[in-house]
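Here's a chain to walk through with the viewer open. Have a look at it, then follow along from one helix to the next.

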Amino acid sequence: MMILWALIVLINNNACIYGRQLEHNNPGVPVMSAASRFLLESAPAKTHLLEEGTRWALLVAGSRGYVNYRHQADVCHGFQILKKGGLREENMIVFMYDDIAFNENNPRPGVIINSPGGHDVYGGVPKDYTGINATVENLYAVILGNKSGVTGGSGKVLGSGPNDHVFIFYTDHGSPGVIGMPCDEFVYADDLINVLKRKHQANAYKSMVFYLEACESGSMFEGLLPKSLNIYAITASNSTEPSMATYCPHNYTSTTSYEYDVCLGDAFSVSWMEDSEKHDLRSETLGHQFQVVKSRTAVETPDGGSHVMQYGNTLLSKEILYTYMGTTIILNDTYTWEVAAPPSTLKSVSQWEADLLHYKHKFYKAPKDSTMRLQAHKQLLEEINSRMLVDNRVNQITTFLLGTQRDISMLHTARPKGMPLVNDWTCLKTMVKIYEENCGSLSRYGMKHMRTFANMCNARITVKEMNAAAARICK
């Protein structure tokens with residue numbers, strides 16, 4: 001022990017001149033003490049810092065409307081973590097509809113929080129692609145670094161190079177094989193994977209990490225994401241289950257948050273972000289965070305949960321989070337290498353139920369016989385009736401096409417693990433288009449029927465047959 005202490009003292013004494021020179025040549029830049037450098041260098045080998053390349057980040061909230069408050073709250077929170085971690089704003093791109101902060105229903109105008117009693121996460125977030133500019137076309141152009149391909153917005157793109165590290169965080173409603181965008185567009189799994197393949201072929205990154213929060217989010221990568229792309233994807237759920245909203249009205253513990261009648265976050269999203277704020281990301285690996293988040297959002301929790309999954313090149317799980325997110329914790333001479341206590345589990349509700357919970361809470365919170373209460377009751381009934389209409393139409397179409405209950409149940413069956421949702425993605429898109437042309441928009445809720453349409457394709461139901469069935473039921 002005495003030898004170790006003498007060594008640290010010697011390092012500090014010998015480094016004084018170097019430190020003063022460095023500070024003189026770089027005024028305003030903090031210089032890490034020799035003792036801190038010694039502790040950092042003597043930490044486990046996996047704590048190597050970023051040696052080359054630049055960090056890039058893309059943050060996407062794929063929904064709109066106050067009822068979906070949590071998605072924009074997730075993205076804003078993610079931006080704050082990355083900014084504090086040292087990522088430059090010019091290397092971070094944000095997609096969000098931006099209709100929450102100053103929404104008439106927001107009890108704190110201009111403020112967005114991501115947890116009960118939480119701090120504002122909205123301030124300073126760049127408005128790169130908002131409103132009608134938060135489109136699928138712009139999303140793909142941004143990922144590919146194609147400045148001429150974007151329409152409107154800031155024009156910022158992922159201009160990453162062969163030595164750079166890219167982090168993508170996407171949060172929204174989802175369903176088998178698709179995730180949404182604010183203007184009611186779909187991001188299909190095959191299109192997303194093809195964009196990522198093109199990014200890889202262009203030698204436009206060294207490694208990429210993709211965090212995806214959505215129902216059935218595993219279906220966006222399962223059987224589709226090659227390890228050779230050097231992308232490590234973590235999803236909030238597997239390919240057959242919903243992801244979970246959290247910090248919802250029925251389980252607020254802070255009196256300052258009771259005024260909110262929406263869920264403030266999503267279980268997977270707040271888990272990785274709150275974990276990032278508690279650890280030194282110079283030492284925590286992607287794999288460790290995966291295990292922490294997986295445990296916290298586990299389906300075995302009393303209030304339900306989801307199975308957090310990993311896809312792609314899982315060898316990247318050994319890399320430290322600092323490579324992609326930087327770190328908000330600065331080492332000093334008294335820093336100790338401790339592991340934070342495991343976080344508590346989260347009380348959660350299904351993403352599909354979060355909308356209904358909002359309208360129910362809004363109804364019960366409103367004064368009896370008030371206009372506000374009547375309006376909330378109307379919104380709740382409209383949402384329930386809209387869902388019933390979509391369910392009934394899809395069920396009637398499948399009955400018309402197949403007839404027997406045995407065949408109908410086949411359309412709801414998931415394919416074996418490791419297989420993509422569908423073989424012919426063009427067929428799936430065509431089936432959805434035929435439905436919407438005849439029956440109206442699927443809506444966010446109706447996305448849940450994507451597996452049925454995919455299995456129609458897998459069962460080789462023809463476009464002609466689908467056209468006849470949809471026209472017969474809906475017109």
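What sign does phi take at Gly 145, just after H4? It's positive, at about 75 degrees. Keep in mind as we go that this is a predicted model.

Let's back up into H4 itself, which covers residues 136-144. This helix is mostly covered, with seven of its nine residues buried. Those buried residues are Val 136, Asn 138, Leu 139, Tyr 140, Ala 141, Val 142 and Ile 143. What do they pack against? There are four strands and a helix on the list: E1 (55-61), E2 (92-95), E3 (165-171), E6 (186-188) and helix H5 (189-201).

H5 is worth a stop, and Leu 192 is a good way in, since that residue sits in this helix. Leu 192 counts as buried because its relative accessibility is 2%, with the cut-off for buried set at under 20%. Leaving aside neighbours within four places in sequence, Leu 192 is in contact with Tyr 140, Ile 143, Val 187, Phe 210 and Met 220. Tyr 140 and Ile 143 are names you've just met among the buried residues of H4. Another of those, Leu 139, lies 53 residues from Leu 192 along the chain, yet their C-alpha atoms are separated by 9.7 Å.

Now for the whole protein. Its secondary structure comes to 15 helices and 12 strands, and buried residues make up 55% of its 475 residues. Take the contacts between residues at least 6 apart in sequence: 76% of them join residues at least 24 apart.

Next up is H3, residues 69-84. From first C-alpha to last, this 16-residue helix reaches 23 Å, close to the 22 Å expected at 1.5 Å a residue. H3 is mostly covered too, with 14 of its 16 residues buried. Just after H3 there's a glycine with a positive phi, Gly 86, at about 110 degrees.

Inside H3, pick out His 77. Is His 77 buried or exposed? At 8% relative accessibility, His 77 counts as buried. Not counting residues up to four places away in sequence, His 77 touches Asn 114, Val 121, Met 273 and Glu 277. His 77 and Ile 112 are 35 residues apart in sequence, while their C-alpha atoms are 9.0 Å apart in space.

On to how helices pack in pairs. Two packed helices are described by the angle between their axes and the distance between the axes. Start with H10 (residues 371-402) and H14 (residues 450-458), which pack at an angle of about 15 degrees with their axes 11 Å apart. That angle makes H10 roughly parallel to H14, since anything under 35 degrees falls in that class. H10 passes H14 in a left-handed crossing. On the H10 side you'll find Val 394, Ile 397, Thr 398 and Leu 401, which meet Thr 452, Phe 453 and Met 456 in H14. Sorted by type, the residues of this contact come out as five nonpolar, two polar and no charged.

The second pair is H12 (residues 425-439) with H15 (residues 463-474), whose axes come within 9 Å and cross at roughly 25 degrees. So H12 is also roughly parallel to H15. Which hand does this crossing have? H12 passes H15 in a right-handed crossing. H12 brings Thr 430, Met 431, Ile 434, Tyr 435, Asn 438 and Cys 439 to the contact, and H15 brings Val 463, Met 466, Asn 467, Ala 470, Ala 471 and Cys 474. This contact divides into nine nonpolar residues, three polar and no charged.

To finish, back to phi. Most residues other than glycine have a negative phi, so a positive one is worth a look. Ser 443 has a positive phi near 70 degrees without being a glycine. Ser 443 belongs to helix H13 (residues 443-446) and, at 27% relative accessibility, counts as partly exposed. Arg 460 isn't a glycine either, and its phi is positive at about 65 degrees. You'll find Arg 460 in the loop between H14 and H15, where its 74% relative accessibility makes it count as exposed.

How values were computed
Residues numbered from 1 in each chain as written. Predicted model: local features only at pLDDT ≥ 70, side-chain atom pairs only at ≥ 80, totals over all residues. Heavy atoms only, no water. Axes fitted to C-alpha atoms, helices over the stretch in contact; angles between N-to-C directions. Helix = DSSP H or I, 4+ residues; strand = E, 2+ residues; numbered from the N terminus. Parallel < 35°, antiparallel > 145°, perpendicular 65-115°, else oblique. Left-handed = near helix turned anticlockwise from the far one by under 90°. Contact = heavy atoms within 4.5 Å. Nonpolar A, V, L, I, M, F, W, Y, C, P; charged D, E, K, R; others polar. Buried < 20%, exposed > 50% of the residue type's maximum accessible area, 1.4 Å probe, protein only. Expected span 1.5 Å × (residues − 1).
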